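Student: Please take me slowly through one part of this model, the surroundings of the ligand together with the strand and helix units of the fold. I work at the bench, so a plain connected account would suit me best.

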Amino acid sequence: MDRFEIKGGNRLAGRLTIKGSKNAALPLMCAVLLTDKPFVLRDVPELADLSNMERLLRELGVSVTREIAEDIDSPGGVLRMQTVDETLSHARYDIVRTMRASISTLGPMLARRGHARVSLPGGCAIGERPVDIHLRGLTALGADIIVDQGDIIAKVPLAHGKPGRLKGARVFLGGPFGSTVLGTANVMSAATLAEGTTIIECAACEPEIVDLANMLNAMGARITGHGSPRITIEGVRELKGVDHRVIADRIEAGTYMCAAAITAGDITLDNCPVDALMAHMDRLHHMGVTMQWDAKADPMRATCRIKASRLLKPIEVTTQPHPGFPTDLQAQLMAVLCLAEGNSVITERIFTERFLHVAELGRMGAQLYRQGSTVIVSGVRKLTPAPVMASDLRASACLILAGLAAEGNGPTVINRVYHLDRGYEKMELRLQSLGADVVRINEREEATLAPGVA
Ligand code: EPZ
């Protein structure tokens, strides 16, 4: 396993290009299952989750070739894919358990092939991650779905002895925590090939859903209302191929904004989706961080300069579905608020257990008091280096941010950074380019290089 060692205290300064969005790319990749025509995605970053999705799609009969981006500062590489064998329709547990977004293959496979078998994704460090709303939505479109031996087995009923089609319907996708992003992606994708019109009520409004709908429309789908809680899809018989550029990653951008804030830095981000980050930028603004961008540029691919001083004001923040404050930036903002001048209040409304980073921040001298889904952050003058353990993707980013600011003897050591590689490409190199004193240590190499016992 790899670890990061960070010597904190440097003010970060410089320029970065934001990569294509992991959370957009995953359902976009699954849409290749809706057609047998050539399918190209651009601005695809090199991430463990996307490599796992490539592996899964190959098992589902898709040919995949990847062109790696030469320049570390490009938004990403190119994926060229095409469905070549539609007889392989089982997304097996040993891949699904590594990446729960595999569930996004269910809707597309079911809609085009008439059947699909997808292992139930387990829970993860941030919660149990149910998929009941996905199944509710696909059942509403006419699918017969059972769960057997840990697998979801979905079929479209035959029509007069021939393979049938899903049927358009009105579907409510609301749950106790609002809508579901991947559930909306699954049902919207499946509905593109259904017979008739589907109306999704309480649809997710996330930018990743808008990007998916825009790509599906470029493939010949007829989707309107995407970005609003009500999406309408008029089914078509088949979809064409596509050549699509993935939107920029709002969570990566928001994380590097936090890096500027926590180090009193001055960072310029290219390909920055400011239009998808208004809630996060509003909170940073109220903390005293300044952000400037060209209002005439594409607000999903702007150049944004973020500057901060040592003085950060405390705030209140509650995570909500988009356009509210994103749960995927909660841990990162908590790291910054540990150094604010006063008490902040963070409430997590999406994944109420998403606080594994709290105890680790406490090891670095943060003063945090959790009560259920709320954490009071009492600002301290400084954080101190310590060995800490990453538990999930965004908690890893949080601990790295804290390490960038921690001052004292020795480095902050963040163990299990394989979590980080799921969602941040080459983070140590990108932070080094901004002046951070961070190294990645490969523990296997370290063991082989260790001086042998005489
Ligand atoms: C997507 O996950 C993101 N992942 C998550 O990002 C993100 O945290 C989440 O949306 C919320 O914004 C990808 O896009 C790959 P949900 P998703 O279904 O779609 C409950 C990251 O760090 N729910 O919108 O799986 C669920 O338990 C990851 O990049 C049900 O109850 O999340 C949660 O409380 C982490 N039943 C809430 O809804 C369901 O059938 C939102 O979950 C589905 C979800």
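**Strand units and the ligand shell**

Tutor: Let's begin with β18, helix α10 (residues 330-337) and β19, which together make a right-handed β-α-β unit. Right-handed here means that, with the strands pointing away from the viewer, the path from the first strand over the helix to the second runs clockwise. The helices (H or I, at least four residues) and strands (E, at least two) are DSSP runs, numbered from the N terminus. Before we go on, please keep in mind that this is a predicted model, in which local features need pLDDT of at least 70, side-chain atom pairs count only at pLDDT 80 or more, and totals for chains, interfaces and linings use all residues. Residues are numbered from 1 along each chain as its sequence is written, and side-chain values use heavy atoms, with hydrogens and water left out.

Back to the unit itself. Strand β18 (residues 316-318) runs parallel to strand β19 (residues 343-347), and 3 bridges join them; two strands count as paired if DSSP finds at least two bridges between them. Within this pairing, V317 has I346 of β19 as its bridge partner. β19 is also joined by 5 bridges to strand β21 (residues 374-378), this time antiparallel, and there N343 stands opposite S378. The loop between β18 and α10 holds P323, and the peptide bond leading from H322 to P323 is cis, with omega near 15 degrees. As background, most peptide bonds are trans.

Now look at a second right-handed β-α-β unit, made by β10, α6 and β11. Strand β10 (residues 170-172) pairs in the parallel sense with strand β11 (residues 197-201) over 3 bridges, and R170 finds its bridge partner in I199 of β11. On β11 you can follow I199 onward, since this residue also stands opposite T232 in β13. That contact belongs to the antiparallel pairing of β11 with strand β13 (residues 230-234), which 5 bridges hold together.

An open sheet of 4 strands comes next, in the order β6-β7-β9-β8 and with mixed pairing. Its edge strands, each pairing on one side only, are β6 (90-91) and β8 (144-148). β6 pairs with strand β7 (residues 115-119) in the parallel sense over 2 bridges, where A91 has V118 as its partner in β7. The loop between β7 and α5 contains R129, a residue that is not a glycine yet has a positive phi of about 60 degrees.

With those elements in place, turn to the ligand. Of the 23 residues around the ligand, R100, D132, T180, D328 and I350 come nearest, where being near means that a heavy atom of the residue lies within 4 Å. Polar contacts here are pairs of N or O atoms within 3.5 Å; within protein, one must be able to donate a hydrogen and the other to accept it, and residues adjacent in sequence count only if both atoms are side-chain atoms. An N or O atom in the side chain of R100 is 2.7 Å from an oxygen atom of the ligand, and the side chain of T180 also places an N or O atom 2.7 Å from a ligand oxygen. For R394, the side-chain N or O atom is 2.8 Å from an oxygen atom of the ligand. The protein covers 91% of the 820 Å² of accessible area that the ligand has on its own, by the Shrake-Rupley method with a 1.4 Å probe. α1 (22-30), α5 (132-140), α6 (181-191) and α12 (393-405) are the elements that give two or more residues to the shell.
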